[in-house]
Amino acid sequence: MARTFHVLFIFLTLSSLAASESHRFSRILSPSTLGLKKEKLSHLHFYFHDIVSGRNATAVRVAEAAVTKTSPSSFGAVVMMDDPLTVLPDLSSKLVGRAQGIYASASLSELGFLMVLNFAFTQGKYNGSSLSVLGRNEPFSSVREMPIVGGCGLFRFARGYAQARTHKLDFKTGDAVVEYNVYVFHY
């Protein structure tokens, strides 16, 4: 009887382990099982056109706080964007993608934006791929650095950083052209 109980206990334990193996929460994979090859470092260079004025605005304010209008930093303003990305600083140059997302004034004392956006590429080998940015942007600093926190398509498992430099700012309209240099590791 004890032997039968012992065999039954072992059988139930092994059955339980086998069942839990097929329904486990996580497992370690080799990158090759997902078709990933050698990791590379790419440099992308383009111009971001943030157009906030006129009938063809590509960035529009969608929300603001009660203090936004009296705040020196426009604290609480939230802007939704679908900005063109071009090869050259001229808006009529070749379009390579769009910067789609939001930026919000997140500082009470100085102009500092929380940037949450995707660089969605529409040309060349990166067509259909995107990079995701989540970080702080101080537009009056000469160079701003923001993290690349991920991507999709050819940029799966992406990580890196984007450096932004204001190329042209129209103080009258608020329109801006920003040069971007993006350095990203991806497979």
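This tour moves through a predicted model, from the whole chain to selected side chains.

**The whole chain**

Begin with the protein chain in cartoon view. Its secondary structure comes to 1 helix and 9 strands, and from the N terminus on the elements run α-β-β-β-β-β-β-β-β-β. Next, display the surface of the protein chain: the accessible area is about 11800 Å², and carbon and sulfur atoms hold 61% of that area. Of the 187 residues, 34% count as buried. Among contacts in the chain with a separation of 6 or more, 48% are between residues 24 or more positions apart.

**Glutamate 39 and arginine 159**

The whole structure contains 6 salt bridges. Select glutamate 39 and arginine 159 to see one of them, in which the closest N and O atoms are 2.3 Å apart. Distant parts of the chain are linked here: glutamate 39 belongs to the loop between α1 (2-22) and β1 (40-50), arginine 159 belongs to strand β8 (residues 159-169), and the two are 120 residues apart. Glutamate 39 is partly exposed, at a relative accessible area of 29%. Arginine 159 is also partly exposed, at 41%.

**Arginine 98 and aspartate 82**

Now select arginine 98 and aspartate 82, whose side chains form a salt bridge with an N to O distance of 3.0 Å. This pair, too, links distant parts of the chain, with arginine 98 in strand β4 (residues 95-105) and aspartate 82 in strand β3 (residues 78-86), 16 residues apart. Arginine 98 has a relative accessible area of 23% and is therefore partly exposed; aspartate 82, with 31%, is partly exposed as well.

**Arg61, Glu64 and Lys69**

Select Arg61, Glu64 and Lys69 together, since salt bridges link these residues in a network. Within this group, lysine 69 and glutamate 64 meet through their side chains at 2.7 Å, N to O. Is lysine 69 buried or exposed? Lysine 69 is exposed, because its relative accessible area is 67% and the exposed class begins over 50%. Its partner glutamate 64, at 35% relative accessibility, counts as partly exposed.

**A nonpolar patch**

For the last stop, return to the surface and select Leu114, Val116, Leu134 and Val149. These residues make a nonpolar surface patch of about 310 Å². To place the patch on the cartoon, start from leucine 114, which lies in strand β5 (residues 113-121). Leucine 114 counts as partly exposed because its relative accessibility is 38%, a value between the buried limit of under 20% and the exposed limit of over 50%.

Conventions: Residues numbered from 1 in each chain as written. Predicted model: local features only at pLDDT ≥ 70, side-chain atom pairs only at ≥ 80, totals over all residues. Heavy atoms only, no water. Patch = residues over 30% accessible without salt bridge, like charges linked within 9 Å, V, L, I, M, F, W, Y side chains within 5 Å. Areas by Shrake-Rupley, 256 points an atom, 1.4 Å probe, with all protein chains shown as cover. Salt bridge = Lys/Arg side-chain N within 4 Å of Asp/Glu carboxyl O. Helix = DSSP H or I, 4+ residues; strand = E, 2+ residues; numbered from the N terminus. Buried < 20%, exposed > 50% of the residue type's maximum accessible area, 1.4 Å probe, protein only. Contact = heavy atoms within 4.5 Å.
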